[in-house]
Amino acid sequence: MTGPSLHPDTWRDVDAQPNAAKLGETLETRGRTPTQARLRRRFLRFVPVRRGDRVVEVGCGTGVVLRDVAALVGRRGEAVGVDPSRTLLEVARRLRRDGAPGGRIVLREGRGATLPFAHARFDVALAVTVILHVADALGVVREMARVTRRGGRVGIQDQDFGVVAVTHPDRPLTDRILTGVAERIYAEPWSGRRLPGLLLAAGLARVRLRTDVYQDTTLEPFTKSFLERRAENAVRFGIADAAAAQRWLDGFTALVARGAFVLTMNYYGAVGVKP
Ligand SMILES: C[S@@+](CC[C@H](N)C(=O)[O-])C[C@H]1O[C@@H](n2cnc3c(N)ncnc32)[C@H](O)[C@@H]1O
């Protein structure tokens, strides 16, 4: 159980959570999901991350994105990950494969608002599903711009919990749970669609947007755990009682059995150039 003093968004302070190790597993489960891997790689091509680039990923977690970055930048490049969670960095250290083809992965403890790097140190700064979770989104993007060289790219990608579409026989309950839980957890549940505006506010130029869709018709483990966490939080926030939340989850299982389950979630990727 999450203590009353903790922020409802567990990603704000992973190490304070009793289930910190489990949170690391959910990142790896998401990373392994084929549709997620495809949309992550499309985002890295969109930025783009190129061979030889020096790249920092803010909020790297267990290193899912960073391992792809290392493969793209190669041995002449650099893939540097920063995260405030020692638990997640520990997993990232275990999973990085220094001997594998691709660039070396460097991991640092730190927060997005105060990056432990000199000005203009990187060609590319990235934050993937992180901006949604931080208290001062603009401060973090400004800091990412600070450590990026002139002509370098700042790329941010986020979901947007205002546009999750899912099949369910009980539409009002589905709406209440998805909207109600997101509103209570995140300062800005419409995170994805605001990313271009954030880049512009941070002084970046030539801002471009690419929206990708996570689509699932089989209830992948990542989707299942997403819906289970929503149900759990709906009970915690008094949006539904335990019996209704369980009925809600059972509704998805029944749809999957009939081959009629659909969930889509938009991922907005925005990139700007440091003038
Ligand atoms: C949903 S996870 C995303 C991890 C990784 N980018 C990925 O896509 O697999 C959010 C991450 O942001 C980190 N985080 C939370 N607050 C942060 C902050 N203020 N600055 C940097 N990272 C932060 C968390 O520790 C966590 O690793």
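**Notebook: ligand shell, a helix pair and two backbone spots**

I began with V128, where a backbone N or O atom lies 2.9 Å from a nitrogen atom of the ligand; I count a polar contact as a pair of N or O atoms within 3.5 Å, and within protein one must be able to donate a hydrogen and the other to accept it, with residues adjacent in sequence counting only if both atoms are side-chain atoms. The protein covers 95% of the 600 Å² of accessible area that the ligand has on its own (Shrake-Rupley method, 1.4 Å probe; for residues, only the protein chains shown count as cover).

A note on my source: this is a predicted model, where local features need pLDDT of at least 70 and side-chain atom pairs count only at pLDDT 80 or more, while totals for chains, interfaces and linings use all residues. Residues are numbered from 1 along each chain as its sequence is written, and side-chain values use heavy atoms, with hydrogens and water left out.

**More on the ligand**

I then looked up G59, which has a backbone N or O atom 2.8 Å from a ligand nitrogen. At D83, a side-chain N or O atom is 2.6 Å from an oxygen atom of the ligand. E57, G59, D83, G112 and V128 come nearest among the 22 residues around the ligand (near: a heavy atom within 4 Å).

**Helix pair**

How do α6 and α8 cross? I found that the axes of α6 (residues 171–185) and α8 (residues 221–236) come within 9 Å and cross at roughly 75 degrees (lines fitted to C-alpha atoms over the stretch in contact; angles run from 0 to 180 degrees between N-to-C directions). That makes α6 roughly perpendicular to α8 (65 to 115 degrees). Helices here are DSSP runs (H or I, at least four residues), as are strands (E, at least two), numbered from the N terminus.

**Backbone spots**

I saw that a cis peptide bond joins V47 and P48, with omega about -15 degrees. P48 sits in the loop between α2 (34–46) and β1.

Definitions and conventions: Parallel < 35°, antiparallel > 145°, perpendicular 65-115°, else oblique.
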